[in-house]
Each structure stands twice: as structure tokens, then as C-alpha cells.
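Let's take a walk through this protein together, stopping at a handful of side chains along the way. Keep the model open and follow each stop as we reach it.

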Amino acid sequence: MQGTTRANTGSLAQVLPWPYLICGRDGVIQRANAHLGRLVGERPEALAGQALERWFTLDQPEAQLGEVLTKTLSGKAWHGRLSYHSGGDRVAIEVVIEQDPEDTGRLWVMALENPIINGQMVMSARSELHLLQILMDHTIDYVFFMDLEGRFVITNTAFQNALKVAFPGQEIGRELREFVEEKTAHEFAETSAMVLASGRPLLNHVSQFRFKNDSGHWVQSNQMPVFDQHRKCIGLVCVSRDITQQREYEEKLRTAVRQANLASQAKSDFLANMSHEIRTPINGIIGMSELCIETNLTVEQRGYLQSVMSCSNTLLSLINDILDFSKIEAGQLQLENINFNFLNCVEETVGQFSFQTLEKKLELAVDFDTGLPQLVRGDPTRFKQILYNLLSNAIKFTEKGEIIVSVKSVGREEGQAKVLLTVSDTGIGIPASRIDLLFQSFTQADASTTRKYGGTGLGLAICKKLSELMGGTIRVDSKMGRGTIFEVELPFGVPTRQPALASVRLARLKGLRVLIIDDNETNRAILTKLCEQWGFVSEGTAYGLARHMEHPAPRHSKPASRNTSARPIFSAI
């Protein structure tokens, strides 16, 4: 019968979910279950024959484990805590030591916490609460749980230190208003009442906590309602992080930004106000040099004056860019809104570069859409400035080939027209990685560009800002070694009264035959299209008139009137 009882006891012990071991009164382990092996990190069979004191010690330093084993008798079980080492940490568990009812020399050591069921540790309510307190105490945030009456139930060490309680637990059962100023208590009561009433959390709420006899603390809080297993609200948990230092840094940063903006504004205001004073002496130098160069001078003197004028014009251009940019940044640039002849405006601006393109042996052509209104309403000065900067850039970075200025209508509504200005060149191009930087102030595509070509890097930045001020956009497309295309789309008002169109004035010349002689294919294409729009019959050739007469190009269009002479009659352009 006794053997059967022992067998039953052993079978029962194997299914117990709690870690346990059996040892003799001498403290030598006789058997341990798998759960205990898992707890201490050792195989159960390897624990047999080892001393209990090798693995466990009493949690009370003044007592001896051997003495406990000796005094444990039937009906006098020992209940306390044993400590063991897990990794680098010391862990204490609650155990009971009891004499085996069938063998007075054997003792059962059973853990009362953390049973393992289906391979998963299940913590007791007491262990869960203890673990929760440990976790809370190891966070820098203020963590506390309040019941529905606003009384503290659980708090962590960080919040206890902020409350400056005499000992941990002194705050339990008390309300927040006993530790903070009235305004703080009132604000917290409002937010917590809102959370409890709605049943929804309040996240990332920033407020100031002013503790009694202490300075204020800025905190970012998350307040969440807590529900029991029946979905009944039982209180509120609040996790707050002290962001006082962060707020101070942010305020210092805001102050620094304000001061920097004020300094930048003061600089821009100064430059904008000094615009006239700076330009006047340079214009005087240029004007006097132009007058002087018309007098009787030696070749050497004329060369000196031409250098003075060239340098002065370069300096004036640089200063104009800087001053215009400063005016835009300072918000002092006022746009005009007047009627002006659009074609004349384009031609005047392009004409300023005829000498430069001739000097560099570049082709410069304008392709103008005759469908555009002749008169538009807007700011001609700023439009010219955009076109001037784009042309200046194109000529600067183009060594051979051509530069084409194209102006066309891309939309027409009552009283308004959208104009697309395109400036394309066959220059060096822009790397794809640098295109995004083009319109930034004081930036060029490459540092070597500034050394080779000069410039402030403000021209395109000014173009972008002026385009936006005029309600338009600017974009760029470029390929290295093949050239760059800038497109500016701008809206202009359209006056009701317009001059007579060129095609109307030239109606009596309809059918006129025209020979276009130009060695540049783009120029021939532009002039051919213009002649077609005027009703002329045109032919183009890259050779001189005499050679064309010997070898006329095949006609693709029928002349408006029959010509009886042996040779075709042309009006040459």
C-alpha cells in the first residue's frame, strides 16, 4: 500500500504546475521537476545530488537554510522567500517547505508563485502587481493610477520623488490637489473627468504641473481609462513625461530664430533702402566714361576707359542682383500693372544680347506665337528681368550652337492669357543631381562654375521669386553636354482694345513669294512659320541668292499668282 501511495504521489507531483524539488534534511536535492529546472536554468536530472544551498539562499540574511530544513516537521511547514541567481540578477520567490507525510527524512520545497501551465508561465495576481511596480519604478516618466474618486492607488518612484513624499506609499489614498497648486489640480480634474466620461484616452496633452513649494514642470501626458473584465471603468492611469528641459531648448531655439530673422530683415531693409545710393555712383562712373570715350583719346587711353566701363557694368550687374534679391526678401518689391507691347518687350530684351552672341559666334533667334495678344497688362520691367537673367545664363554657359527664345500662348480666358516663355541653349548642361539646387540663393551648379564663369548665383533665384510674385512658375530640363531648357509660365491681363494684327495690315501682300536665306536651320524654320502666318509663300535655303537661282529648292506650295518670267521672282529676307 505504501508503494502505491508513493507512486501516486510521484505521479501527482509530475503534473503540478508549480516549480518544486524534494531534498533530504541534509539539503541534498533528490528530485526536481522540469518547471524548477526551467526556473534556475538547469536540467532537472542534473540538479539531483547537488546541495540546495548551491542554488538557493534564504532571503533573510540573518537566517540559515540548513537550520530551516532541520526544524521543519510534520504540521509545522516553513513559509518564506528563497533567492536564486538568474543570469546576473538575484531573484526571490515565495516558497513553502513541508515534511513528506510518508518519509520524515524528505522535505518538499514548492514555489507558490508563477505556476507553469502548458509550457507558459502564469503569474499570480500578487506577482503581477509586484512586477508592475518594478517596471513602473524603472521608468523616468510619472506613472500613477487613480480610482474614480481621484485617489491614488498606485504610483511609481519618479512620481513619488516629484510629489516629495516622506516615504513611498504616503500618497496612496490621497488626492492630487493635496500636492499641487490649485490651477494645476483644476486643469487635471477637467481633463480626467473628460477621459472618464468619454471612455477614450487623451494623448500627448501638454500642460504645466506646479507642485507645492516647487517650480513648475511642463509635462506631456497620456491619460487612459482603465476597465475591469466586465468593461466597467474602475479608474484612470496617467503617464506623464517631464519636458521642461525640452521646452526650454525650444524656447531658446525660437528666440534664436527670431533674432536671426530680425537680423536678416534688418540687413535686407538696409540693402533695399541703400539701393539708390549704391547704384548712383556706379551709374555716374559708367555715364562719364561713355562721354569721355567719345572725345579725342589715344588708343591706350581708349583701352583703359573701355576696361573701366566693362568692369563698371559687371559690378552694376552684380549689385543689381544683390539689391533686387534683398528687396524681394524684405518684401519691398512692388509689381506694376500696366499695359505694354509684349513683342516689343521681348525684342528689346533680346536685342541687348546681339553683340555678345555675335562676339561668341552664337545664333540667337526668337520664335513668337502670333496668336498672342500684342498688348498685355502686367509688369514689363520684371518680365524683362526674368528674360534677361535667363538669356544671360544661356549665353554665359554656351560656347557654340544656338539660343532660342520661344514665346507662345498656353491658355486664354476672358481678360487673361497664360504665356509660356522658353529659353533653350546648346550649352554645357546641368548635372541631374544639381538641378534641385539651381533656384537656391547664392548657388551654382558646380563650385568650378563660379571660378570659370563668375556670377553671384542669384540670377535664377531672382527669376523664381519674381515668377512666383507674378503668379507663375518656372521649371528646368537639362542634359549634360546637350544644353538646358528653362520654361516660365506667367499670367497676364489682356486689354479689350488691341492694335490691328500684322496679318491684317499685311493682307494686301497675301501670296507674296519670299526667299529665306539663312545658314541656320532654326532661323529658317521660324521665318518660314512666320511667313505662313502672314499668308506669304516662302522657300528657304542655306546658300546665297545667286546659288539658289542656279539650283532652286523644290517648291512644296503653289504660288498665289502665275509668273511668266523664266526665273521665279522672290522678295529675299
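A good place to begin is R382, which counts as buried because its relative accessibility is 14%, below the 20% under which a residue is called buried. Bear in mind as you look that this is a predicted model. R382 sits in helix α14, which spans residues 380–396. Setting aside residues up to four places away in sequence, R382 touches D324, L333, L335, L466 and M470.

Next, please turn to T72, in the loop between α5 (65–71) and β4 (78–86). Is T72 buried or exposed? With a relative accessibility of 1%, T72 counts as buried. Its side chain reaches back to the backbone oxygen of V68, at 2.7 Å. If you leave out neighbours within four places in sequence, the contacts of T72 are R25, A77, W78, I97, E98, Q99 and L107.

From here we can move on to charged pairs. Side chains of opposite charge can pair when their charged atoms come close. How many salt bridges does the model hold? The count comes to 16, and a few of them make good stops on our tour.

One is the bridge between D100 and R106, where the closest N and O atoms are 2.7 Å apart. Both of these partners are buried.

The salt bridge between R258 and E251, at 3.5 Å from N to O, has a different setting. R258 has a relative accessibility of 45% and so counts as partly exposed. E251 is partly exposed as well, because its relative accessible area is 35%; the partly exposed class runs between 20% and 50%.

Now find R513 and E539, whose side chains meet in a salt bridge at 3.9 Å, N to O. What does this pair tie together? R513 lies in strand β21 (residues 513–517) and E539 in strand β22 (residues 537–541), so the bridge links parts that are 26 residues apart in sequence. R513 is buried, since its relative accessible area is 11%. E539 is buried too, because its value is 9%.

Our last stop goes beyond single pairs. Salt bridges that share partners join K418, R475, E487 and E489 into one network. Try showing these four side chains together in your viewer to see how the network is put together.

Key
Residues numbered from 1 in each chain as written. Predicted model: local features only at pLDDT ≥ 70, side-chain atom pairs only at ≥ 80, totals over all residues. Heavy atoms only, no water. Helix = DSSP H or I, 4+ residues; strand = E, 2+ residues; numbered from the N terminus. Buried < 20%, exposed > 50% of the residue type's maximum accessible area, 1.4 Å probe, protein only. Contact = heavy atoms within 4.5 Å. Polar contact = N/O pair within 3.5 Å; in protein donor to acceptor, adjacent residues only side chain to side chain.
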